[in-house]
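I opened the notebook to look up a metal site and some charged pairs. My notes follow in the order I checked things.

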Amino acid sequence: MPNPLTPLLERYPVLILDGALATELERRGCDLRDPLWSAKVLLENPELIDQVHQDYFRAGADCVITASYQATVAGFMRRGLTPEAALETIQRSVQLAIAARDAFWRDEANHAGRPRPLVAASVGPYGAFLADGSEYRGDYSLNETELMNFHRPRLAALLAAGPDLLACETIPCWTEAQALARLLAEFPEACAWFSFSARDDEHISHGERLADCVAGLDAVPQIVAIGVNCTAPRHIPALIAAARSATRKPIVVYPNSGETYDAARHAWCGPATVDAFALEAQRWYDAGARLIGGCCRTTPAHIAQIAAWARRLQA
Ligand SMILES: [Zn+2]
């Protein structure tokens with residue numbers, strides 16, 4: 001597939017991504033305390049995913065990310081699905097997002113001042129399938145070839161469902177980035193953005209320097225943007241600078257809301273607000289990011305606030 005970002009980035013200063021899916025599903029009454037997390041809703045309540053996608057399009061998202069982050073063949077088989085049913089469920093995540101996009105775009109009133117939105121198929125890390133927290137550590141027992149074997153069937157299924165691109169996201173370690181990059185070469189028609197999770201201003205979750213990882217991916221033509229997601233917003237400006245030092249590809253950032261998880265109280269706590277997040281997002285643009293959205297705990301309100309300033313840039 002041709003690079004789907006090029007025509008949008010030539011015309012618009014910012015490609016606005018969506019926000020969190022899981023927390024929005026929880027707000028609609030889903031119980032996601034499950035190893036499948038949001039992928040569980042693909043099985044049980046797909047129309048809720050459609051609603052969340054619609055809300056993000058209405059908020060201003062130029063790209064939504066499918067509900068396949070934790071949807072894997074192995075994960076669904078553990079739940080009793082056949083391999084065929086597992087692959088169909090993975091594909092349903094893309095079909096749902098495309099249907100939501102097409103429904104939104106059928107109304108011409110939605111066309112003003114914005115591009116036809118894209119659908120990015122989420123490829124979550126191996127650790128998301130393990131559901132043991134290793135998605136933020138990257139301390140896997142699998143080597144690169146084993147990681148390729150793990151990711152291959154889902155990647156093939158997602159691509160067969162026809163997304164605009166892949167979102168290889170929340171990548172915690174260089175080994176997994178390399179595995180995904182090598183796997184991507186098996187699907188020469190595919191494009192992807194690669195997004196790491198980071199633990200500070202300089203290092204991805206497993207400890208490698210972000211600049212080194214970005215440099216290592218820079219020559220892969222199928223990778224159309226590189227950046228960081230699922231990371232505290234305070235680290236983002238320095239991480240953007242690190243990424244830009246190693247590539248001229250567009251930089252993608254979609255950090256968490258800025259609230260922190262208090263494990264003792266089992267609760268998220270402030271001080272982050274929607275306005276503060278949107279204001280910081282403007283700094284990420286100033287620092288050179290072109291694809292901007294939110295990860296955990298961000299909502300359509302966060303995306304609407306980003307759209308409020310991003311659309312003004314176009315005027
Ligand atoms: Zn996240």
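**Entry 1: the model.** I am working from a predicted model.

**Entry 2: the zinc site.** I asked which protein atoms act as donors to the zinc ion. They are the SG atoms of Cys-230, Cys-295 and Cys-296. I read distances of 2.2 to 2.3 Å from the zinc ion. I then looked up the spacing of the donor residues in sequence, and it is C-x64-C-C.

Next I checked burial at this site. Cys-296 has 18% relative accessibility, so I list Cys-296 as buried, because buried means under 20%. Cys-295 comes out at 13% and is also buried.

**Entry 3: salt bridges, the count.** How many salt bridges does the structure hold? I noted 17. I went through several of them in turn.

**Entry 4: Lys-40 and Glu-44.** I found a salt bridge between these two side chains, at 3.9 Å from N to O. That value falls inside the cut-off, because a salt bridge needs the nitrogen within 4 Å of the carboxyl oxygen. Both residues sit in helix α3, which covers residues 39-44. They are four residues apart, so about one helical turn separates them.

Are the two partners buried or exposed? Glu-44 is exposed, with 54% relative accessibility. Lys-40 is buried, at 13%.

**Entry 5: Arg-101 and Asp-102.** I looked up this pair next. Arg-101 forms a salt bridge with Asp-102, and their closest N and O atoms are 2.8 Å apart. Arg-101 is buried, with a relative accessible area of 4%. Asp-102 is partly exposed, at 28% relative accessibility.

**Entry 6: Glu-144 and Arg-182.** Here the closest N and O atoms of the salt bridge are 2.6 Å apart. I asked where the two residues lie. Glu-144 belongs to helix α8 (residues 144-160) and Arg-182 to helix α9 (residues 174-184), so this salt bridge ties together parts that are 38 residues apart in sequence.

I checked accessibility for this pair as well. Glu-144 counts as buried, at 16% relative accessibility. Arg-182 is partly exposed, with a relative accessible area of 45%.

**Entry 7: a network.** Which residues are linked in a network of salt bridges? I wrote down Glu-24, Arg-27, Arg-28, Asp-55 and Arg-58.

**Entry 8: recap.** For the zinc ion I keep three cysteine donors, Cys-230, Cys-295 and Cys-296. For the charged pairs I keep one within helix α3 and one between helices α8 and α9.

Key:
Residues are numbered from 1 along each chain as its sequence is written. This is a predicted model: local features need pLDDT of at least 70, side-chain atom pairs count only at pLDDT 80 or more; totals for chains, interfaces and linings use all residues. Side-chain values use heavy atoms; hydrogens and water are left out. Donors are N, O and S atoms within 2.8 Å of the metal (3.2 Å for Na, K and Ca); water is not among the atoms, so sites may look incomplete. Buried means under 20% relative accessible area, exposed over 50%, partly exposed in between (1.4 Å probe, protein chains only).
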